[in-house]
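Please open the model in your viewer and keep the sequence panel beside it, since this tour moves from one selection to the next and says what is found at each stop.

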Amino acid sequence: MKKVILIFGFIVLLIACSSNDDKNTSPSNNYDRTALLTNWADNIIIPSFENYQAKIQVLVDNTTAFTGSPTEVSLQTLRTSWLDAYKAYQYVAMYNFGKADEVSFRETTNIYPTDVAGIQSNITSGNYNLTLQAQFVRQGFPALDYLINGLGTTDAEIVGFYTINANAAGYKTYLTAVSGRLKTNADAILADWKSGYRDAYVGSNGTTVSSSVNVTTNNFVKFMERDVRSAKVGIPAGLLSAGVTFPEKVEGFYKSDVSKDLLLVAVKAAQDFFNGKHFDSATTGEGLKTYLDYLNADRDGQKLSAIINNQFVAVTTISNTLNSNFSQQIFSDNTKMVAAYNVIQQNVVYVKLDMMQALNITIDYVDGDGD
């Protein structure tokens with residue numbers, strides 16, 4: 001009889017422990033996730049989107065100025081605002097959830113290489129709807145890259161498409177539509193964060209798969225793996241295609257000399273987020289680093305947070321050795337791209353395997369490239 005009672009009690013205990021993911025059933029659940037989410041929302045994510053929205057507004061204003069009076073000077077001004085906004089995007093790309101997921105933020109903002117033939121078809125026909133999925137690859141920063149950097153070999157040739165070309169009006173309209181679409185999404189995402197999503201985000205402080213900590217951390221890891229490792233370096237360098245390189249698939253292909261800058265900004269954005277660093281400030285708060293330190297997470301006797309930060313430094317160091325033009329780097333010495341990929345990959349292992357295991361967070365996306 002005692003055995004029956006003991007068995008029954010053990011079953012009840014198991015049910016109680018597993019019935020609610022949000023209960024403090026392990027040391028990790030005692031960490032103050034409300035403080036963590038508050039820091040993420042108020043000091044990192046929302047300020048990053050505010051900065052992005054401001055940069056996009058300048059981009060839109062300069063687009064209007066350029067289409068109103070297309071000159072080489074106004075083109076150069078537009079390019080500057082395009083790059084500023086592109087860099088600002090690197091700081092918000094990892095927050096592809098909530099309203100950002102609803103509006104397909106990543107897919108409509110930075111899928112490259114852009115579909116040049118599709119863009120030309122849209123301009124020629126004048127009949128397009130950029131909200132359609134088929135149009136995602138014909139918009140965003142890569143499409144703007146083509147429209148302001150890739151239409152000709154000189155600034156005068158590019159300006160000609162907006163002045164003396166038979167369909168100059170069509171080019172102006174499309175340029176305006178693409179920059180406007182970026183603004184529409186930026187405005188919608190930031191407005192949502194400020195109109196209620198922020199409170200819901202911070203309030204979802206449990207440990208379920210759909211909780212804010214799990215979703216945000218998964219997006220951070222995905223950003224490092226897909227956007228930084230694979231898209232910026234691995235795919236063009238041939239690491240995911242049995243050595244077949246694709247120099248035309250680098251980020252900022254038509255500008256040609258910004259690929260390294262965009263990579264470095266993305267790496268810094270990722271490290272800042274990991275450390276809980278406030279946007280555009282030296283102040284740090286709760287972050288993945290403090291969470292790991294709270295758990296005393298280690299690897300081979302060393303603090304895991306220190307290992308990850310040291311690897312971020314290694315990524316920055318090796319990235320700085322690359323040509324500013326990744327296409328040229330692939331042509332001249334692709335082994336350097338491969339080396340950079342391997343250093344980035346090591347940090348992907350640290351965050352995707354070691355960190356996620358320490359935090360007891362399950363990967364919620366499928367990666368076909370392996371670890």
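Begin by selecting Phe273, which, leaving out residues up to four places away in sequence, touches Trp40, Ile44, Met94, Tyr95, Thr216, Phe220 and Leu288. Phe273 lies in helix α11, and with a relative accessibility of 1% this residue counts as buried, because buried means under 20%. Keep in mind from this first stop onward that the model is a predicted one.

From Phe273, two distances lead onward along the chain. The C-alpha atom of Phe273 is 9.2 Å from that of Lys289, a residue 16 places away in sequence, and it is 7.0 Å from the C-alpha atom of Gly287, with the two positions 14 residues apart along the chain.

Select Gly287 next, in the loop between α11 and α12. Is Gly287 buried or exposed? Its relative accessible area is 0%, and Gly287 is therefore buried. Once neighbours within four places in sequence are set aside, the residues in contact with Gly287 are Tyr31, Leu36, Trp40, Phe274 and Gly276. Trp40 is worth highlighting here, as it appears among the contacts of Gly287 and also among those of Phe273.

Stay in the loop between α11 and α12 and select Asp280, which is placed there too. Phi of Asp280 is near 55 degrees, a positive value in a residue that is not glycine, and the residue is exposed, with a relative accessible area of 71%. For a second example, go to Asp300, in the loop between β1 and β2, where phi is again near 55 degrees and the residue is again something other than glycine. Asp300 has 73% relative accessibility and therefore counts as exposed, the cut-off being over 50%.

Now move to helix α12 and select Tyr291, which has its place there. Tyr291 counts as buried because its relative accessibility is 3%. To see a long separation, add Tyr128 to the selection: the two residues are 163 positions apart along the chain, and their C-alpha atoms are separated by 47 Å.

The next selection is helix α13, residues 304–319, whose 16 residues reach 22 Å from the first C-alpha to the last, close to the 22 Å expected at 1.5 Å a residue. Colour its buried residues, among them Leu304, Ile307, Ile308, Gln311, Phe312, Val315 and Ile318. As you look along the helix, recall that an α-helix has 3.6 residues a turn, so residues three or four places apart point the same way. The elements that cover the buried residues of α13 include α10 (212–234), α11 (259–275), α12 (288–294), β1 (298–299), β2 (302–303) and α14 (326–359).

Phe312 and Val315 lead from this helix to an enclosed space, as both belong to the lining of the largest cavity. How many cavities of 30 Å³ or more are there? The count comes to one, and about 40 Å³ of space lies in the largest cavity. To display the lining, select Met224, Val228, Val267, Ala270, Phe312, Val315, Ile344 and Asn347. Helices α10, α11, α13 and α14 each supply at least two of these residues, and the lining divides into seven nonpolar residues, one polar residue and no charged ones.

For a feature of the backbone itself, select Tyr112 and Pro113, which are joined by a cis peptide bond with omega at about 5 degrees. Pro113 sits in the loop between α5 (105–109) and α6 (116–125).

Finally, colour the chain by pLDDT. The average over the chain is 93, and 91% of the residues score at least 70. Among the elements of the chain, helix α7 (residues 140–149) has the highest mean pLDDT, 99, and helix α1 (residues 2–18) the lowest, 38. Over residues 1–28 pLDDT stays under 50, and for this stretch the model has 16 contacts beyond four places in sequence. Where pLDDT is low, the predicted coordinates should not be read in detail.

Notes
Residues numbered from 1 in each chain as written. Predicted model: local features only at pLDDT ≥ 70, side-chain atom pairs only at ≥ 80, totals over all residues. Heavy atoms only, no water. Helix = DSSP H or I, 4+ residues; strand = E, 2+ residues; numbered from the N terminus. Expected span 1.5 Å × (residues − 1). Buried < 20%, exposed > 50% of the residue type's maximum accessible area, 1.4 Å probe, protein only. Contact = heavy atoms within 4.5 Å. 1 Å grid on protein atoms, 1.4 Å probe; cavity = no way out; pocket = protein on both sides within 12 Å on 5 of 7 lines; lining within 4 Å. Points joined across faces, edges and corners; volume = space filled by probe spheres on them. Nonpolar A, V, L, I, M, F, W, Y, C, P; charged D, E, K, R; others polar. pLDDT = per-residue confidence, 0-100.
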